[in-house]
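Biologist: I would like to learn how to read a protein model step by step. Could you take me through one, giving the general idea before each case?

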Amino acid sequence: MVKKIGIRVIVVALMLVGFNYIYKATLWQKDLATHAHLLPDIFVYQDSVEMLYFGESSNFSYNPVTDSITDRISDLIYAHYPTVKAATINSSALHAGTYLPLIKRLPDNTTVKTIIVTLNMRTFNAATIHSRLETAMMKSRMMYLNRPELLNRFLMSLNYYDNKTEQERDDDMWEDWTYDTLTWLPDTFPYRTIKDWCAAPKFVKPDGSYDTEKRSLADHYVKAYAFQIDENNPRVRDFDEIVRVCRQKGIKPVFNLLAENVEYADSLIGDELVYIMRKNRDFLVNRYTKMGAIVVDNLEVVEGWDYTDQNWTTEHYGQIGRLTIAHNVAVALKAVYGDYYQESAIEMVVK
Amino acid sequence: MLFNSVPFLLFFPVVIFLYFLIPFKYRWLWLLAASYFFYGSWKVEYLSLIVISTAVDYTVAMQLVKKKSKTTRRLLLITSLATNLGILFFFKYFNFFVADTAFVQDLYLHHSNVRAMVDLFTYALPVGISFYTFQTMSYTIDVYQGKAEPEKHFGKFALFVSFFPQLVAGPIERYTHLQPQLLGNHKFTYENLANGLRLVLFGFFVKMCIADNLSTYVDMVYANPAEYGRWSIVTAWVFFSFQIYADFHGYTSIAQGVALIMGIKLMDNFRTPYLAATISEFWHRWHISLSTWFRDYVFIPLGGSRVNFLRWCINIMVVFIVSGAWHGANYTYMIWGGIHGVLYIIERLGARVIKLPKEGFSFWRILGIAKTFVIVNIAWVYFRADGLRNAQDIFKAFSQDLTDKSLSVDPVVIGLLIFFILLDGILFNKRFDTWVGDKPLTVRWGIYALLLFAITAMAGSVNHPFIYFQF
């Protein structure tokens with residue numbers, strides 16, 4: 001009986017190996033288009049470009065009313081290095097957790113020598129870590145993993161990923177907002193958690209009521225930026241791993257620390273929030289510079305008016321902001337491609 | 001722990017392997033531990049309810065054989081029924097009957113304790129509660145009626161209540177059928193392994209490739225019916241009919257398969273229900289364990305068919321409406337049950353004039369099958385809808401046909417559905433394991449290969465929980 005069962009187990013295993021080939025030849029591309037549309041880009045670029053930019057909506061958003069230059073940040077960077085073959089992988093709402101499996105898919109003999117990855121401070125906060133979008137992103141991530149394609153597909157259909165419900169994610173977020181203590185602030189500061197800070201009175205009118213619009217925006221800034229990054233942050237682990245993988249593959253990582261509306265944070269909340277933002281910035285810049293990455297500190301380079309979303313905390317910039325960020329990254333890339341640097345024609349026009 | 005999950009795919013082989021490794025006299029204990037672990041994996045707190053139900057029914061049954069007084073025995077039975085139905089009521093129907101009242105709503109807004117209690121009963125419906133409470137109630141009723149001897153060993157009785165393959169969504173087993181098997185000294189046989197795995201394979205195919213794929217389209221239409229034209233609405237109706245069938249049938253097959261590997265035969269719950277020519281026949285083919293439970297413990301005690309016509313009609317309506325309510329605390333379930341009850345009565349009246357052949361595929365029988373399928377489809381609208389308004393919107397969208405937006409269905413999904421319908425028709429009254437086991441080797445393995453490829457490469461990308469888990 002053992003022999004009978006053993007033979008059948010082997011037959012099933014061989015069938016599954018065969019099925020993997022059949023799946024890859026038939027249904028895989030359709031599944032990638034549906035669930036993991038970025039992976040085909042990796043296959044195209046892995047042996048055709050030298051520089052690869054990983055970004056999200058910050059890369060391609062612009063102000064449709066005022067902008068005459070609508071180029072992506074990555075394209076504005078590449079304009080300084082026209083002889084270096086470069087490409088961009090971007091999609092809305094991505095973060096390091098999504099970039100990581102894509103970067104891992106680059107083969108060891110890839111032509112890619114430099115990756116520029118957006119270091120978006122907000123992706124380290126509780127609202128993003130426990131975002132309702134995470135389930136869909138974790139699902140896509142399954143298809144990015146470097147495993148037999150059929151196995152990825154099967155495990156995806158078994159929900160073998162972090163597929164918490166929206167309620168569970170919201171509960172986790174509220175837990176962080178309620179219990180994560182802000183220890184960097186002086187003891188005299190009365191609000192030690194996001195929950196307390198949001199509950200504090202703000203923009204009180206003479207009649208005792210609140211300017212609800214301003215207050216709502218202020219609370220939004222608190223939720224977006226009042227947190228302390230440390231080594232236990234899931235995004236920190238993702239970026240640590242990105243650096244390690246790049247080292248292993250001989251790729252130079254360049255982290256583009258995106259601009260945040262520090263000016264509005266200051267005017268809406270005050271010094272304390274700005275202090276936290278700068279301390280988080282310092283943590284990230286120091287950590288990843290020590291680990292061998294080039295970190296471009298763009299945190300405070302965009303003025304408040306140049307953010308396309310004035311009533312929300314996003315990293316969407318008008319043309320001046322995008323040009324500034326791109327210029328800073330391009331200048332930082334001189335450390336790798338110094339001989340190839342050129343002044344950008346677009347920047348010359350704007351100047 | 002869902003059946004279609006990695007933890008379960010690791011859990012059940014380990015349980016089965018150790019089941020046969022452990023000395024016979026401790027097997028019940030191993031199965032009990034595994035079953036409690038399985039149930040506790042949802043929420044550990046749920047175990048307290050199953051333990052309460054087990055303890056009450058164990059004690060009641062032990063006392064039933066000791067007490068001779070009719071009154072005392074009746075009181076004991078009422079205790080068991082009240083406990084089980086009480087647990088069911090609080091977790092399933094509290095919100096429907098109590099929490100929605102203006103009085104409780106006011107308390108909810110102003111008292112945190114009330115809020116916590118209402119939220120607990122609203123959101124914490126223990127999985128499988130309708131199934132195991134009915135299973136244990138059938139036990140105490142059978143002991144009361146003298147049809148079964150009580151289990152003297154508390155642990156072994158606890159195993160009957162909690163046996164993991166059928167704990168959360170049936171089949172609702174009878175004590176006299178299941179308990180001897182649970183305590184039997186089963187040998188590991190190749191035949192049980194093969195047949196069990198065939199059922200598991202079939203169950204995964206039907207659940208993951210049919211139910212999960214169809215659910216995406218059904219959800220789209222039911223979420224926004226006004227956006228779809230008539231034929232999309234009809235498509236969603238038909239898809240839901242097969243989604244719920246595939247979902248539940250798939251679960252039952254997996255449960256039967258896992259149990260069969262251990263030598264335990266669970267009852268069949270489905271026999272090609274959409275080939276039923278009458279509503280009565282449909283209920284002999286659909287969720288058989290529930291329909292026979294209601295027949296034996298509700299319909300017959302009410303007098304069954306041995307009453308006058310009016311009383312018989314009342315009995316039928318009670319059974320169908322209550323069975324509708326069993327599914328959930330919503331008027332839509334009761335309407336669903338009521339539709340079946342009314343049509344059951346009409347068909348019985350009609351059967352005095354027209355007698356449909358019970359087998360074969362004659363013209364009249366095919367007409368009967370088509371008629372029954374259409375009626376069942378329409379009734380399913382109430383079952384699937386989120387509430388009366390949603391059901392009304394569905395029917396409104398169908399009748400008004402205001403848009404020509406159609407559902408764009410993946411051809412792979414259509415192909416899978418056609419395959420399933422053909423397979424189900426071919427199986428007619430046979431179970432997959434016995435049907436495929438009769439086939440030549442190459443045909444058998446060809447079918448296994450098809451199902452395995454479909455499961456690994458074509459399963460729905462959104463893994464929906466089994467529909468009947470919510471009951």
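**Reading the model**

Modeller: Let us begin with a single residue: A:Ala93 counts as partly exposed, because its relative accessibility is 34%, and partly exposed covers the range between under 20%, which is buried, and over 50%, which is exposed. Please keep in mind throughout that this is a predicted model.

Biologist: Where does A:Ala93 lie, and what is the value of its phi?

Modeller: The general idea is that most residues other than glycine have a negative phi. In this structure, A:Ala93 lies in the loop between β2 and α6 (96-104) of chain A, and its phi is near 65°, a positive value in a residue other than glycine.

Biologist: In chain B, is B:His287 buried or exposed?

Modeller: B:His287 has a relative accessibility of 0% and therefore counts as buried. This residue is found in the loop between α13 (279-285) and α14 (288-299) of chain B, and its phi, near 40°, is again positive although the residue is not glycine.

Biologist: Which two residues does a cis peptide bond join in chain B?

Modeller: Here the general idea is that most peptide bonds are trans. The cis bond joins B:Gly170 and B:Pro171, with omega at about 5°, and B:Pro171 is found in the loop between α9 (164-167) and α10 (175-182) of chain B.

Biologist: Does B:Phe363 count as buried or exposed?

Modeller: B:Phe363 counts as exposed because its relative accessibility is 56%, and the cut-off for exposed is over 50%. This residue is found in helix α17 (residues 363-384) of chain B, and its C-alpha atom is separated by 33 Å from that of B:Trp293, which is 70 residues apart from it along the chain.

Biologist: Turning to a whole chain, how many helices and strands does chain A have?

Modeller: Chain A comes to 18 helices and five strands, and its C-alpha trace spans about 85 × 55 × 40 Å along the principal axes. Of its 351 residues, 52% count as buried, while the chain exposes about 16100 Å², of which carbon and sulfur atoms supply 54%.

Biologist: What can be said about its contacts, and how many charged side chains, positive and negative, does chain A have?

Modeller: If we take the contacts in chain A between residues at least 6 apart in sequence, 76% of them join residues at least 24 apart. As for charge, there are 39 positive and 46 negative side chains in chain A, and the centres of these two sets lie 10 Å apart.

Biologist: In what order do the five strands of the sheet in chain A come?

Modeller: The general idea is that strands of a sheet pair through backbone hydrogen bonds, either parallel or antiparallel. In chain A the five strands form an open sheet in the order β2-β1-β3-β4-β5, and the pairing is parallel. At the edges are β2 (86-90) and β5 (294-297) of chain A, each of which pairs on one side only. On average, neighbouring strands of this sheet are turned by 20° against each other, with direction ignored.

Biologist: How many bridges join β1(A) and β2(A), and how many join β1(A) and β3(A)?

Modeller: β1(A) and β2(A) pair over five bridges in the parallel sense, with A:Tyr53 standing opposite A:Thr88 in β2(A). Strand β1 (residues 51-55) of chain A also pairs with β3(A), parallel and over four bridges, and there A:Leu52 stands opposite A:Ile115. On the other hand, strand β3 (residues 114-119) of chain A is joined to strand β4 (residues 252-257) of chain A by six bridges, and A:Val117 stands opposite A:Phe255 in β4(A).

Biologist: How many residues of β3(A) are buried, and which of them point one way and which the other?

Modeller: Six of the six residues of β3(A) are buried: A:Thr114, A:Ile116 and A:Thr118 point one way, whereas A:Ile115, A:Val117 and A:Leu119 point the other way. Helix α13 (residues 234-249) of chain A lies across β3 and β4 of chain A and runs at about 175° to β3(A). β2(A), for its part, is mostly covered, with four of its five residues buried.

Note on methods. Residues numbered from 1 in each chain as written. Chains lettered and ligands numbered in written order. Predicted model: local features only at pLDDT ≥ 70, side-chain atom pairs only at ≥ 80, totals over all residues. Heavy atoms only, no water. Helix = DSSP H or I, 4+ residues; strand = E, 2+ residues; numbered from the N terminus. Buried < 20%, exposed > 50% of the residue type's maximum accessible area, 1.4 Å probe, protein only. Contact = heavy atoms within 4.5 Å. Areas by Shrake-Rupley, 256 points an atom, 1.4 Å probe, with all protein chains shown as cover. Lys, Arg positive; Asp, Glu negative; His and termini not counted. Charge placed at Lys NZ, Arg CZ, Asp CG, Glu CD. Pairing = 2+ DSSP bridges. Axes fitted to C-alpha atoms, helices over the stretch in contact; angles between N-to-C directions.
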